[in-house]
Amino acid sequence: SYSVGVEELDLQHCKLLDLINEIAGLRSKGATEKTCFAVLNAMIKYAEMHFETEERYFGTSGYPDSSRHLRAHEEFVEEVFSMVRDLDQEMLTLGAIAIYLQEWYKDHILGTDRKYMPFLVPKPAGADYAPEEIRLY
């Protein structure tokens, strides 16, 4: 149900979710502070690489809302860096970060990313709908 119809992006979304879930599980595993920051940094780096991949697709597909989508990517990275700083200063918990990441993932994939599907996913031969009429299930 989280597929955006592009295998490369779907695989990256799965990896990103794995990292988010790893962050969510760190607290229950009693992970050290060093491990927590290492996993958070790995997730940020992977998210940035994934965003670059999406942005490459936007450039080749003519996705008309790409500038707004790119801004959403920038805001996410800024927010996570801010949260990591707050975690380091003990102003925020790892659990709060995990909840934010899980909610962001759901909202971003099912909301923001789904908007580009009609532009990146080829219309099947003989389909009688326009891209803006694509049905998502």
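I started with α3: its 23 residues reach 33 Å from first C-alpha to last, close to the 33 Å expected at 1.5 Å a residue (expected span is 1.5 Å times one less than the number of residues). Helices here are DSSP runs of H or I, at least four residues, numbered from the N terminus.

Note to self: this is a predicted model, where local features need pLDDT of at least 70 and side-chain atom pairs count only at pLDDT 80 or more, while totals for chains, interfaces and linings use all residues. Residues are numbered from 1 along each chain as its sequence is written, and side-chain values use heavy atoms, with hydrogens and water left out.

Next I looked up which α3 residues are buried (under 20% relative accessible area with a 1.4 Å probe, protein chains only; exposed is over 50%, partly exposed in between). I got His69, His73, Phe76, Val77, Val80, Met83, Val84 and Leu87. The cover over them includes α2 and α4. After α3 comes Glu90, with a positive phi near 60°.

Then the largest nonpolar core (buried Ala, Val, Leu, Ile, Met, Phe, Trp, Tyr and Cys joined through side-chain atoms within 4.5 Å). It has 36 residues, and Ile23, Met43, Phe76 and Leu101 touch the most other members. α2 gives the largest share, 11 residues. I checked Leu101: leaving out residues up to four places away in sequence, Leu101 touches Ile20, Ile23, Met43, Phe76 and Val80 (contact is heavy atoms within 4.5 Å).

Last, cysteines. I counted 0 disulfides, taking a pair of cysteine sulfur atoms within 2.5 Å as one. Cys14 is partly exposed at 46% relative accessibility, whereas Cys36 is buried at 9%.

Terms used. Helix = DSSP H or I, 4+ residues; strand = E, 2+ residues; numbered from the N terminus.
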